[in-house]
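Biologist: Before I accept any label placed on this chain, I should like to see each one set against its criterion. May we proceed label by label?

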Amino acid sequence: MYDGKKNTAYTIFYSALETVKAKMPNEEKSALEIWKKALENVTPQVEVKSRRVGGATFQVPTEIRADRKESISMKNLIIFARKRGGKTMADKLAAEIVDAFNDQGGAYKRKEDMHRMAEANRAFAHFRF
């Protein structure tokens, strides 16, 4: 949502859901269930935070709170939808939702990168604060 334009955001979201339903006619789930599954697929479980110990900075993996998980996943869907090519924002968002549902796309790749980074820095987990 830009500048408090809630009605515009609603219009974009619901038209994106209609487009998702049109793109996936053989799917037995409703468009809202597809969106929930896509959001679940791009929701990260861990993230890395910078922590300064002594003179060195470590990337410390930490779990994410439930409300932050939700906001991160929605933010990533919107960011990568905006970067996509397409006519309208609704079309771009629909394409990103379909890709996230199928474990593809930019938002899903961002989640995988976050998990990979946390796994690589697992040795520093004892610096958790």
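Modeller: A residue is called buried when its relative accessible area is under 20%, exposed when that area is over 50%, and partly exposed in between. Of the 129 residues of this chain, 34% count as buried. The model is a predicted one.

Biologist: What is the overall layout of helices and strands?

Modeller: The chain has 5 helices and 2 strands, and along the sequence they follow the pattern α-α-β-β-α-α-α. Taken along the principal axes, the C-alpha atoms fill a box of roughly 55 × 35 × 25 Å.

Biologist: Why is threonine 88 called partly exposed?

Modeller: Its relative accessible area is 38%. Partly exposed covers the range between 20% and 50%, and the value of 38% for threonine 88 therefore earns that label. Threonine 88 is placed in the loop between helix H3 (66–83) and helix H4 (89–101).

Biologist: What makes aspartate 3 exposed or buried?

Modeller: Aspartate 3 has a relative accessibility of 77%; the cut-off for exposed is over 50%, so aspartate 3 counts as exposed. This residue lies in the segment before helix H1 (6–23).

Biologist: And which label does aspartate 103 receive, and why?

Modeller: Aspartate 103 has 40% relative accessibility, and because this value lies between the two cut-offs, the residue counts as partly exposed. Aspartate 103 is found in the loop between H4 and H5.

Biologist: What is notable about the phi of aspartate 3?

Modeller: Phi of aspartate 3 is positive, about 55°, although the residue is not a glycine. Aspartate 103 also has a positive phi, near 60°, and is likewise a residue other than glycine. For context, most residues other than glycine have a negative phi.

Biologist: How do you know that the span of H3 agrees with what is expected of a helix?

Modeller: H3 has 18 residues, which at 1.5 Å a residue should span 26 Å; the end C-alpha atoms of H3 are 26 Å apart, so the two values agree.

Biologist: Which residues of H3 are buried, and why are they said to line one face?

Modeller: The buried residues of H3 are Lys69, Ile72, Ser73, Asn76, Leu77, Phe80 and Ala81. Seen down the axis of H3, they fall within an arc of 160°, so they line one face of the helix. What covers them includes H2, S1, H4 and H5. In general, an α-helix has 3.6 residues a turn, so residues three or four places apart point the same way.

Biologist: How does the reach of helix H5 compare with the expected span?

Modeller: Helix H5 (residues 105–120) has 16 residues and reaches 23 Å from its first C-alpha to its last, close to the 22 Å expected at 1.5 Å a residue. Its buried residues are Ala107, Tyr108, Lys111, Met114 and Ala118. These cover an arc of only 120° around the axis, which puts them on the same side of H5.

Biologist: Which residues are exposed on the other side of H5, and what covers the buried ones?

Modeller: Lys109, Arg116 and Ala120 are exposed on the other side of H5. The cover over the buried residues of H5 includes helix H2 (31–41), strand S1 (46–53), strand S2 (56–63), H3 and H4.

Biologist: How far apart are the mean positions of the positive and negative charges?

Modeller: The mean positions of the 25 positive and 17 negative charges of the chain are separated by 7 Å.

How values were computed
Residues numbered from 1 in each chain as written. Predicted model: local features only at pLDDT ≥ 70, side-chain atom pairs only at ≥ 80, totals over all residues. Heavy atoms only, no water. Helix = DSSP H or I, 4+ residues; strand = E, 2+ residues; numbered from the N terminus. Buried < 20%, exposed > 50% of the residue type's maximum accessible area, 1.4 Å probe, protein only. Lys, Arg positive; Asp, Glu negative; His and termini not counted. Charge placed at Lys NZ, Arg CZ, Asp CG, Glu CD. Expected span 1.5 Å × (residues − 1). Arc of directions from axis to C-beta. Contact = heavy atoms within 4.5 Å.
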